[in-house]
Amino acid sequence: MQIILVSRHRKLPRTLDLSRRWLRWKLYAAAGFVLLGCVGVGAALALTIASPQDRTLAHIHELQQQIQQQDAQLSGVRQDAERGLDALALKLGQLQAQSTRLNALGVRLAQVGKLDDGEFSFDQPPPVGGIEEAGETGYALPPVLEASIDQLAGQFDSQQAQLSALQSLLLDARIESSLKPTGMPVQGYISSYFGTRPDPFDGHMARHTGIDIAVPKGTPVHAVAAGMVTFTGVRRGYGKVVEIDHGNGYMTRYAHNSTLLAHPGQRVRVGQVISDAGSTGRSTGSHLHFEVWRGGRVVNPLTYVRSHR
């Protein structure tokens, strides 16, 4: 087989004899080089066209991995937040139970203190007011939980205010009660009452300004209220006397004592022994004469003795 090559420039034609082996190898090599060149050019064009898409796909895959990681982190944060809210809700329930106990305690204290109904209502918040401060908070709780916390905080503020007022009132009532004559200065029976009676010596009607309590000689006499001793000594008809000023216009007198144990200027407490009963002065036997004065006037001691029963 021969290939004849004809030139346009009137040169002699060339003849390639394909029967020659070396010539065939040359042609094969040239064809192979041409084919490899075409493949290389095609591969380069394919890479040039396809590489942006590959980079985009790789970027999308990377973003998907980041999203998965962030989703896992978000799940962990949500679980932590739910555990925190559960713990906060549990604590809130405990505080509400404590608030209920405080309400019950306040009601019981009001009952023990014998306060007027409605003066301390622990079921209702006390009326308060104030200016509204404008501002934004840096965080927000779930509305239901935030409302419960705000309500509970208001309850605690209300209870604190009412319990403080109740404490002050009870302390004042306790102080006032300790200054008010209450109860018997000695344990015995009343042998003569307050008011008009026949005089034990001459039988004429006379006014008795106290009550007589029959007790053996030497029986300890107790102060019926806290106060200051203003007089100890002998008064005509009363014998040995102790007088105590309790404030608020109250004064008590303990007469016919055998021994005086208190002294003027001494502060005494409720129930403190101030003397020993006897029969000094104008007396027919061992007893204690007990008087209560209020506002400068002698009053019936039986009212204060019975208030203790």
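This report describes the fold, the largest pocket and several residues of a predicted model.

## Basis of the model

Because the structure is predicted, local features are reported only at pLDDT of at least 70 and side-chain atom pairs only at pLDDT 80 or more, whereas totals for chains, interfaces and linings use all residues. Residues are numbered from 1 along each chain as its sequence is written, and side-chain values use heavy atoms, with hydrogens and water left out.

## Overall fold

The chain holds three helices and 14 strands, where helices (H or I, at least four residues) and strands (E, at least two) are DSSP runs numbered from the N terminus. Of its 309 residues, 26% count as buried, a term that stands for under 20% relative accessible area, with exposed meaning over 50% and partly exposed the range in between (1.4 Å probe, protein chains only).

Among contacts with a separation of 6 or more, 60% join residues 24 or more positions apart, a contact being heavy atoms within 4.5 Å. The accessible surface comes to about 21700 Å², and carbon and sulfur atoms account for 57% of that surface; the areas come from the Shrake-Rupley method with a 1.4 Å probe, and for residues only the protein chains shown count as cover.

## The largest pocket

The largest pocket encloses about 440 Å³ of space. On a 1 Å grid over the protein atoms alone, a pocket is an open set of points where a 1.4 Å probe fits, with protein on both sides within 12 Å along at least five of seven lines, and lining residues have an atom within 4 Å of a point. Grid points are joined across faces, edges and corners, and the volume is the space filled by probe spheres set on the points.

Its lining is made of 23 residues, of which Arg-197, His-208, Asp-212, His-256 and Arg-282 lie nearest the centre. Two or more lining residues come from each of strands S3 (189-192), S4 (195-198), S5 (205-208), S6 (211-214) and S13 (287-294), and S5 gives the most, with three residues. By class, the lining has six nonpolar, 11 polar and six charged residues; Ala, Val, Leu, Ile, Met, Phe, Trp, Tyr, Cys and Pro count as nonpolar, Asp, Glu, Lys and Arg as charged, and the others, Gly among them, as polar.

## Strand S10 and its surroundings

His-256, one of the residues nearest the pocket centre, is found in strand S10 and counts as buried at 5% relative accessibility. Its phi is near 65°, a positive value in a residue other than glycine. Ser-258 also has its place in S10 (residues 250-260) and is buried at 17% relative accessibility, and its side chain reaches the backbone oxygen of Ala-277 at 2.9 Å.

In strand S12 (residues 273-277) lies Ser-275, which is buried at 0% relative accessibility. The side chain of Ser-275 makes a polar contact of 2.6 Å with the side chain of Asn-257, where a polar contact is a pair of N or O atoms within 3.5 Å; within protein, one must be able to donate a hydrogen and the other to accept it, and residues adjacent in sequence count only if both atoms are side-chain atoms.

## More accessible positions

Arg-235, in strand S8 (residues 227-235), is partly exposed at 30% relative accessibility, and its C-alpha atom is separated by 9.5 Å from that of His-256, 21 residues apart along the chain. Asn-248, in the loop between strand S9 (239-247) and S10, is exposed with a relative accessible area of 58%, and its phi is near 55°, again a positive value in a residue other than glycine.
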